[in-house]
Amino acid sequence: MLGLMILLSFLSGTFTGCETDDSLLVMFWNMENFFDYRDGGEGPSDKDFSSFGKRRWTKRRFNAKCDLASKAVMWVADHYGKMPDIIGLCEVENTNVLYKWLDNTLLGKNDYGIVHYDSGDRRGIDVALLYDKSRFGYVHSSVKVPYHDGEKMKTRDILEVCLDMDGSNIHFIVNHHPSKFGGAIQSGPKRQSVMKTLALMCDSIRCIDRSACIVAMGDFNDNPDGEQFDMLEGILVNKSLGLYERGEGTIRFQGKWDLIDMFLVSPSVSIFSKMEIVKIPFLMVRDNTYAGYKPYRTYSGPRYIGGVSDHCPIVLIMKKKQ
């Protein structure tokens, strides 16, 4: 109970940005096929994203993506007045990619810890979490493998990382739910199964601590009005709803924004937090087919164009009482 009181004191306040360390800044980003440039024999995608694969994913191109992605994080830090305390990621091939990203770019100056597990995903991509070791103590982490029709799904695991901050635990959960490939109706039951797994994870956490502070983030591959989000009613609050109702989004398809990257938090966190979509100027390009701008991705079809991702990153600002 004392830990919760400390955390609630931390979270209370108004939203005026992150001018000081009196706030937490949580970032999530779908990195779009963040593979290394070596073929490790781990599947078709691993082969395609290698120096001699179909994508011609060379060391030079990999390093260019790492450098541009690190500059994007630094832009976020400059915009919000502090480095992200937490960075959730998806579409990451392995831990080695993350170490190279941190060690060979400006991000290496920050003391980030890495939490990553290999999943059984068909494409060979996983979720991961970086955390500021100067602010958090590592408590534990685990992954849950979603099941569908009684069988393990060959999709991304759901990652839960419990971190200690000033004697209080916060549970960060990173998601990347199944896409609508093959059609929204056909793929819908799979997203329902993964969402059920997320709901069960949150219930397990709350069985131990009814007032647990939970921050779930990820690419849910559906807009906030998807029926599967009903499973989380009374458990987590979707921080993206207001943005979605205003027509904002994180990914653009045929000239229309969809908001599939989002934060869902426990009620105790929701009161003192705010989600924002980050449109980094040098990672937005003009849409030549439809009016407006879209994220600057790494490939356009098979053609390399040199960006980072087809998703905009998102942030959650958690304020501390002044």
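Me: Where along the chain is the place of D310, and between which strands?

Reply: D310 sits in a loop, with β19 (303–304) on one side and β20 (314–319) on the other. Here strands (E, at least two residues) and helices (H or I, at least four residues) are DSSP runs, numbered from the N terminus. The structure is a predicted model, in which local features need pLDDT of at least 70 and side-chain atom pairs count only at pLDDT 80 or more, while totals for chains, interfaces and linings use all residues. Residues are numbered from 1 along each chain as its sequence is written, and side-chain values use heavy atoms, with hydrogens and water left out.

Me: Why is D310 called buried?

Reply: The relative accessible area of D310 is 18%, and a residue counts as buried under 20%, as exposed over 50% and as partly exposed in between (1.4 Å probe, protein chains only). D310 is therefore buried.

Me: Which residues is D310 in contact with, leaving aside its neighbours within four places in sequence?

Reply: With contact taken as heavy atoms within 4.5 Å, the partners of D310 are E32, T250, I251, P295 and R297.

Me: What makes the phi of E32 notable in a residue other than glycine?

Reply: Most residues other than glycine have a negative phi. E32 has a positive value, near 50 degrees, and this residue belongs to strand β1. E32 is also buried, because its relative accessible area is 7%. N221 likewise has a positive phi, of about 50 degrees, without being a glycine; N221 is placed in the loop that joins β10 to β11, and its relative accessibility of 13% makes it buried.

Me: Why is strand β1 called largely enclosed by the rest of the structure?

Reply: The strand covers residues 23–34, and because 12 of the 12 are buried, β1 is described as largely enclosed by the rest of the structure.

Me: What are the strands that pair with β1, and in which sense do they run?

Reply: Two strands pair if DSSP finds at least two bridges between them. β1 and β20 are antiparallel and share 6 bridges, with L24 opposite M318 of β20. β1 and strand β2 (residues 86–92) are parallel and are likewise joined by 6 bridges, with M27 having I87 in β2 as its bridge partner.

Me: Why do β5 and β11 stand at the edges of their sheet?

Reply: The open sheet is made of 6 strands in the order β5-β8-β9-β10-β14-β11, with mixed pairing. β5 (137–144) and β11 (237–238) each have a single partner strand, so one side of each lacks a neighbour in the sheet. Within this order, β9 (residues 168–176) and β10 (residues 213–219) run parallel and are joined by 7 bridges; one of the facing pairs is I173 with A216 in β10.

Me: Which residues touch the most other members of the largest nonpolar core?

Reply: A nonpolar core is a set of buried Ala, Val, Leu, Ile, Met, Phe, Trp, Tyr and Cys residues joined through side-chain atoms within 4.5 Å. The largest one has 53 residues, of which L129, F172, V215 and M217 touch the most other members. Helix α5 (residues 184–208) gives the most to this core, namely 7 residues. L129, leaving out residues up to four places away in sequence, touches I86, I87, G113, I114, V115, L159, V161, L163, F172, V174 and M217. Another core, of 38 residues, lies apart from it and includes V73, M83, A128 and V308.
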